[in-house]
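Work through these exercises with the structure in view. Try each task before you read its solution.

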Amino acid sequence: MGISNTETPCGGSIVWPFESGAAWEIIQGYNGGTHQNRSSLAQYYYSLDLARVDGATAGESVLSPVSGTVRWNDPGSGGIAIDMGNGYVVSLFHATYASGLSSGTTVTQGQYLGYVSGPGENGYAAVDHIQITLWASSDGGRTNQAAPFVGAFAISGTEFPDVGGANQHNGTEFYP
């Protein structure tokens with residue numbers, strides 16, 4: 001059974017980065033193949049890779065999952081980091097972002113940021129998807145510690161705790 005945005009929220013500061021109307025799934029979860037903490041600058045253990053169930057992911061609008069300040073936008077990785085102002089940063093990867101989303105730009109939850117990259121576009125990585133990562137950061141996203149989506153940081157009210165093992169939460173369907 002999938003997850004719906006109509007469930008009782010336990011968080012609220014983070015929402016799914018897509019418009020409603022399609023079924024999505026986690027195609028790589030925590031502690032998956034590329035979701036590792038490789039260094040103090042590469043903290044991805046608690047990342048989730050998201051794709052539409054029907055495969056129509058490339059070109060899908062990417063919306064800001066939080067309100068905050070853009071700390072960096074890297075076209076090479078299709079990455080953007082948004083400082084929530086509470087010691088946490090949310091990053092998204094594998095997208096092509098709208099011009100003007102540079103360091104210091106304020107964004108609001110639900111604001112259009114860009115679209116999921118397809119082959120040959122910014123940060124494309126073998127399969128059309130968007131990666132979402134939560135970092136604890138005392139300096140607005142320059143140094144990071146991977147954090148799970150739980151408690152106040154549940155996504156649209158759904159927690160994704162560390163349950164042990166590899167590729168945690170892979171196959172989970174949800175409906176933004």
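**Exercise 1. A residue and its partners**

Leaving aside its neighbours within four places in sequence, which residues is isoleucine 155 in contact with?

Solution.
- Step 1. Keep in mind that the model is predicted.
- Step 2. Find the residue. Isoleucine 155 sits in the loop between strand 12 and strand 13.
- Step 3. Check its cover. Its relative accessible area is 0%, and the cut-off for buried is under 20%, so isoleucine 155 is buried.
- Step 4. List the partners. Beyond four places in sequence, isoleucine 155 is in contact with Ile14, Val15, Trp16, Leu48, Phe149 and Phe160.
- Step 5. Add a distance. Threonine 133 is 22 residues away from isoleucine 155 in sequence, and their C-alpha atoms are 11 Å apart.

**Exercise 2. The overall build**

State how many helices and strands the protein has, then describe its overall dimensions.

Solution.
- Step 1. Count the elements. The protein has zero helices and 13 strands.
- Step 2. Read them in order. From the N terminus on, the run is β-β-β-β-β-β-β-β-β-β-β-β-β.
- Step 3. Compare with the globule rule. The radius of gyration is 15 Å, and the rule gives 16 Å for 176 residues; the two are close, so the protein is as compact as a globular protein of that length.
- Step 4. Take the extents. The C-alpha trace spans about 40 × 30 × 30 Å along its principal axes.
- Step 5. Look at sequence separation. Take the contacts with a separation of 6 or more: 68% of them join residues 24 or more positions apart.

**Exercise 3. Inside and surface**

Work out what share of the residues is buried, and describe the accessible surface and the charges.

Solution.
- Step 1. Of the 176 residues, 49% count as buried.
- Step 2. The accessible surface comes to about 7,300 Å². Carbon and sulfur atoms hold 51% of that surface.
- Step 3. The protein carries 4 positive and 14 negative charges. The mean positions of these two sets lie 11 Å apart.

**Exercise 4. The nonpolar cores**

Which residues have the most contacts inside the largest nonpolar core, and which strand gives the most to this core?

Solution.
- Step 1. Start with the background. In soluble globular proteins, nonpolar side chains tend to be buried together.
- Step 2. Take the largest core. It has 35 residues, and those with the most contacts inside it are Ile14, Leu48, Leu50, Ile130 and Phe149.
- Step 3. Trace the elements. Those that give two or more residues to this core include strand 2 (24-28), strand 3 (48-52), strand 7 (88-93) and strand 10 (112-116).
- Step 4. Pick the top contributor. Strand 11 gives the most to this core, with three residues.
- Step 5. Turn to the second core. This separate core has six residues, among them Ala42, Ala81, Val89 and Trp135.
- Step 6. Go back to isoleucine 14. Beyond four places in sequence, isoleucine 14 touches residues including Val90, Ile132, Leu134, Phe149, Phe153 and Ser156.

**Exercise 5. Positive phi values**

Compare serine 156 and asparagine 167 by phi, place and cover.

Solution.
- Step 1. Read phi. The value is near 50° for serine 156 and near 55° for asparagine 167. Each is a positive value in a residue other than glycine.
- Step 2. Place them. Serine 156 is in the loop between strand 12 and strand 13 (173-175). Asparagine 167 is in the loop between strand 12 and strand 13.
- Step 3. Check cover. Serine 156 has a relative accessible area of 12%, so it is buried. Asparagine 167 has 28%, so it is partly exposed.

**Exercise 6. Three more loop residues**

Locate glycine 55, threonine 105 and serine 138, and give one C-alpha distance for each.

Solution.
- Step 1. Glycine 55 lies in the loop between strand 3 and strand 4 (61-63). With a relative accessible area of 48%, glycine 55 is partly exposed. Aspartate 128 is 73 residues away from glycine 55 in sequence but 8.1 Å away in space, C-alpha to C-alpha.
- Step 2. Threonine 105 lies in the loop between strand 8 and strand 9 (106-107). Beyond four places in sequence, threonine 105 is in contact with Gly68, Thr69, Val70 and Gly100. Isoleucine 82 is 23 residues from threonine 105 in sequence, and the C-alpha atoms are 9.3 Å apart.
- Step 3. Serine 138 lies in the loop between strand 11 and strand 12. Serine 138 has 79% relative accessibility, so it counts as exposed. Its C-alpha is 9.7 Å from that of glycine 85, 53 residues apart along the chain.

How values were computed
Residues numbered from 1 in each chain as written. Predicted model: local features only at pLDDT ≥ 70, side-chain atom pairs only at ≥ 80, totals over all residues. Heavy atoms only, no water. Helix = DSSP H or I, 4+ residues; strand = E, 2+ residues; numbered from the N terminus. Rg over C-alpha atoms; globule rule 2.2 N^0.38 Å. Buried < 20%, exposed > 50% of the residue type's maximum accessible area, 1.4 Å probe, protein only. Contact = heavy atoms within 4.5 Å. Areas by Shrake-Rupley, 256 points an atom, 1.4 Å probe, with all protein chains shown as cover. Lys, Arg positive; Asp, Glu negative; His and termini not counted. Charge placed at Lys NZ, Arg CZ, Asp CG, Glu CD. Core = buried A, V, L, I, M, F, W, Y, C linked by side-chain atoms within 4.5 Å.
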